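Reader: I'm new to this one and would like a tour. Could you show it to me, and then I'll ask as I go?

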Amino acid sequence: HPLIALLDGPALPRSDPAHLCQHILRQLRLVGVTFDATPHVLVDIDSRAGFDGNRKLGIGTSAAVCAALTAALIQRSGTRHTTFPIALAAHRAAQGGRGSGIDVAAACHGGLVQFEAAQPPRSTRIAFPPGVTFAAIWTGTSADTREHVAQFDAWRAGGIPQPLRRLMDAAAHVADATTDSTQFMRQLRAFATALRSLDDTAQLDIFTPSHRLLSELGDAHGV
């Protein structure tokens with residue numbers, strides 16, 4: 001039976017379309033959700049909004065798929081489990097334990113999310129500061145997140161180098177400024193500067209030439 005194969009069969013490779021589904025089902029079983037009496041259900045999740053042709057936009061498509069399927073199966077089971085911790089555990093398992101989980105939190109909550117990578121992670125949806133809006137801009141080039149994470153892990157070598165400490169402090173200042181529009185934007189700019197400094201030091205190439213151009217245009221036009 002396909003369900004039994006997903007739950008108890010061998011781990012599927014990342015290239016298999018059911019790879020993420022397998023991890024979601026197994027995490028749901030760990031929290032006590034059973035599927036023995038579940039009738040056949042057609043599941044159709046369209047994630048094309050996260051792609052430009054065959055190129056991924058890098059907006060957390062896999063996290064969104066994970067959150068959507070987890071929420072749907074929880075609702076189908078008739079239980080009262082919360083989506084976020086189950087989806088986060090499944091997504092991390094599918095990624096080999098990597099990732100902060102903020103992309104899953106964003107998919108589960110929507111809007112502006114205040115996230116703390118504690119144990120367990122904490123996330124809360126909050127209001128945008130008055131008068132602040134945002135737009136997503138596609139540079140036209142995809143990034144290999146796994147490669148970036150591997151390079152970052154190799155650079156930090158299990159520690160917290162000074163550029164990373166400055167970035168963490170800058171992130172905390174942004175999170176503390178969400179009720180004041182002027183202060184929020186000031187701290188957000190400081191965070192971007194700290195991220196760019198870390199990128200230059202660690203040579204991660206997070207800030208591509210396209211990002212640097214966008215940053216300059218933003219500074220020139222006050223956004």
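**A walk through the model**

Author: Let's start with Phe152, which is partly exposed, since its relative accessible area is 21%. Keep in mind throughout that this is a predicted model.

Reader: Which residue forms an aromatic pair with Phe152, and is the pair tilted or stacked?

Author: Look along helix α6, residues 145–156, where Phe152 and Trp155 sit 3 residues apart, about one turn of the helix. Trp155 is partly exposed too, as its relative accessible area is 23%. The ring centres are 6.0 Å apart and the planes make an angle of 40°, so by the cut-offs, stacked under 30 degrees and edge-to-face over 60, this falls in the rest. The partner is Trp155, and the pair is tilted.

Reader: How many aromatic pairs does the structure hold?

Author: Besides the one in α6, made by Phe152 and Trp155, there's a pair between Phe128 and Phe134. The structure's count of aromatic pairs is 2.

Reader: Why is the pair of Phe128 and Phe134 stacked?

Author: Phe128 is partly exposed because its relative accessibility is 30%, while Phe134, at 64%, counts as exposed. Their ring centres are 5.5 Å apart. The pair counts as stacked because the planes are under 30 degrees apart, the angle here being 15°.

Reader: What follows helix α6, and which residue in the loop between α6 and α7 has a positive phi near 50°?

Author: After α6 comes a loop that leads to α7, residues 162–175. Most residues other than glycine have a negative phi. The residue in this loop has a positive one without being a glycine, and it counts as exposed because its relative accessible area is 64%. It's Ala157.

Reader: Where does Asp205 lie, and what is its phi?

Author: Find the loop between α8, residues 181–202, and α9: Asp205 is there. Asp205 is partly exposed because its relative accessibility is 49%, and exposed would take over 50%. Although Asp205 is not a glycine, its phi is positive, about 65°.

Reader: How far does helix α9 reach from its first C-alpha to its last?

Author: α9 covers residues 209–221, which makes 13 residues. The helix is followed by Gly222, a residue with a positive phi near 70°. At 1.5 Å a residue the expected span is 18 Å, and α9 comes close to that, reaching 18 Å.

Reader: How do β3 and β4 run, and what do they form?

Author: Strand β3 takes in residues 112–116 and strand β4 residues 122–126. They are joined by 5 bridges, and Gln114 has Thr124 in β4 as its bridge partner. The strands run antiparallel, and with 5 residues between them they form a hairpin.

Reader: Which residues are joined by a cis peptide bond?

Author: Most peptide bonds are trans. This one has an omega of about 0°, and one of its two residues, Pro120, is found in the loop between β3 and β4. The cis bond joins Gln119 and Pro120.

Reader: How many disulfides does a search of the whole structure find?

Author: A disulfide is a covalent bond between the sulfur atoms of two cysteines. The search of the whole structure finds 0. Cys21 is in no disulfide, with the nearest cysteine sulfur, in Cys66, lying 9.9 Å away. For Cys66 the closest cysteine sulfur is too far for a bond, at 7.8 Å, because a disulfide needs the sulfurs within 2.5 Å, and that sulfur belongs to Cys108.

Reader: Are Cys21 and Cys66 buried or exposed, or something in between?

Author: Buried means under 20% relative accessible area. Cys21 has 22%, so it counts as partly exposed. Cys66 has 0%, so Cys66 counts as buried.

Reader: Which backbone oxygen does the side chain of His19 reach?

Author: His19 lies in helix α2, residues 19–30, and counts as buried because its relative accessibility is 11%. Leaving aside residues up to four places away in sequence, it touches Leu12, Pro13, Arg14 and Ala94. The His19 side chain reaches, at 3.1 Å, the backbone oxygen of Ala94.

Reader: How many residues apart in sequence are Gly60 and Ala106, and how far apart in space?

Author: Gly60 is in the loop between β2, residues 55–56, and α3, residues 61–77. It's partly exposed because its relative accessibility is 23%. Gly60 and Ala106 are 46 residues apart in sequence, and C-alpha to C-alpha they are 8.6 Å apart.

Methods: Residues are numbered from 1 along each chain as its sequence is written. This is a predicted model: local features need pLDDT of at least 70, side-chain atom pairs count only at pLDDT 80 or more; totals for chains, interfaces and linings use all residues. Side-chain values use heavy atoms; hydrogens and water are left out. Helices (H or I, at least four residues) and strands (E, at least two) are DSSP runs, numbered from the N terminus. Buried means under 20% relative accessible area, exposed over 50%, partly exposed in between (1.4 Å probe, protein chains only). A polar contact is a pair of N or O atoms within 3.5 Å; within protein, one must be able to donate a hydrogen and the other to accept it, and residues adjacent in sequence count only if both atoms are side-chain atoms. Contact means heavy atoms within 4.5 Å. The expected span of a helix is 1.5 Å times one less than its number of residues. Two strands pair if DSSP finds at least two bridges between them. Rings of Phe, Tyr and Trp (its six-membered ring) pair if their centres lie within 6.5 Å; planes under 30 degrees apart count as stacked, over 60 as edge-to-face and the rest as tilted.
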